[in-house]
Amino acid sequence: GTNEYRAQVYEAILKRTQAALKIKGYYGGAESGVYDDQLRNALLQFQQAENLTRTGVPDPATLWTLLNP
C-alpha cells in the first residue's frame, strides 16, 4: 500500500484475495500471490462497492467482507 495504508500479508492470503475478487468480477489477473497495481485497483473497486475505507490493501475489514459470505 501507500502512505498510512500499509499491510504485510502472506502470499497465501493474497492468492485467496485474488481468487475471491476474480469470482466477484473485480480482478482479471493471475492468482499469483503478488501485490501489484492490478490487485490494488481491484481492491479499491471492491472497497468502494462495499462502502469500506478505500485503502487499496487487503486490510482486516476488506478481508472479512471479501472472504466471509
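Reader: How many residues does the protein have, and what share of them count as buried?
Author: The protein has 69 residues, and 33% of them count as buried. Keep in mind that this is a predicted model.

Reader: And what area does the protein expose?
Author: About 4400 Å². Carbon and sulfur atoms supply 48% of that area.

Reader: Ok, what about secondary structure, how many helices and strands?
Author: There are three helices and zero strands. Starting at the N terminus, the order is α-α-α.

Reader: What share of the contacts joins residues 24 or more positions apart?
Author: Such pairs make up 26%, counted among contacts with a separation of 6 or more.

Reader: Back to the helices. At what angle do α1 and α2 pack?
Author: Helix α1 covers residues 11–23 and helix α2 covers residues 37–49. The angle between them is about 60°, and their axes are 11 Å apart.

Reader: Is that roughly parallel or oblique?
Author: Oblique. Roughly parallel would need an angle under 35 degrees, and roughly perpendicular starts at 65, so about 60° falls in neither range.

Reader: Left-handed or right-handed crossing?
Author: The crossing of α1 and α2 is left-handed.

Reader: Which residues make the contact?
Author: From α1, Leu14, Thr17, Gln18 and Leu21 take part. From α2, the residues are Leu39, Ala42, Leu43 and Phe46.

Reader: How many of those are nonpolar, polar or charged?
Author: Six are nonpolar and two are polar, while no charged residues are in this contact.

Reader: You listed Gln18. Is Gln18 buried or exposed?
Author: Gln18, in helix α1, is buried, because its relative accessibility is 0% and the cut-off for buried is under 20%.

Reader: What does Gln18 touch, apart from its neighbours within four places in sequence?
Author: Gln18 is in contact with Tyr27, Ala30, Glu31, Ser32, Gly33, Val34 and Leu39. Leu39 also belongs to the α2 side of the helix contact.

Reader: New topic: where is Arg16?
Author: Arg16 is in helix α1 as well.

Reader: Why does Arg16 count as partly exposed?
Author: Because its relative accessible area is 48%, and partly exposed lies between the limits of 20% and 50%.

Reader: Last one. What separates the C-alpha atoms of Arg16 and Ser32?
Author: A distance of 9.7 Å, for two residues that are 16 residues apart along the chain. Ser32 is also one of the residues in contact with Gln18.

Methods. Residues numbered from 1 in each chain as written. Predicted model: local features only at pLDDT ≥ 70, side-chain atom pairs only at ≥ 80, totals over all residues. Heavy atoms only, no water. Helix = DSSP H or I, 4+ residues; strand = E, 2+ residues; numbered from the N terminus. Buried < 20%, exposed > 50% of the residue type's maximum accessible area, 1.4 Å probe, protein only. Contact = heavy atoms within 4.5 Å. Areas by Shrake-Rupley, 256 points an atom, 1.4 Å probe, with all protein chains shown as cover. Axes fitted to C-alpha atoms, helices over the stretch in contact; angles between N-to-C directions. Parallel < 35°, antiparallel > 145°, perpendicular 65-115°, else oblique. Left-handed = near helix turned anticlockwise from the far one by under 90°. Nonpolar A, V, L, I, M, F, W, Y, C, P; charged D, E, K, R; others polar.
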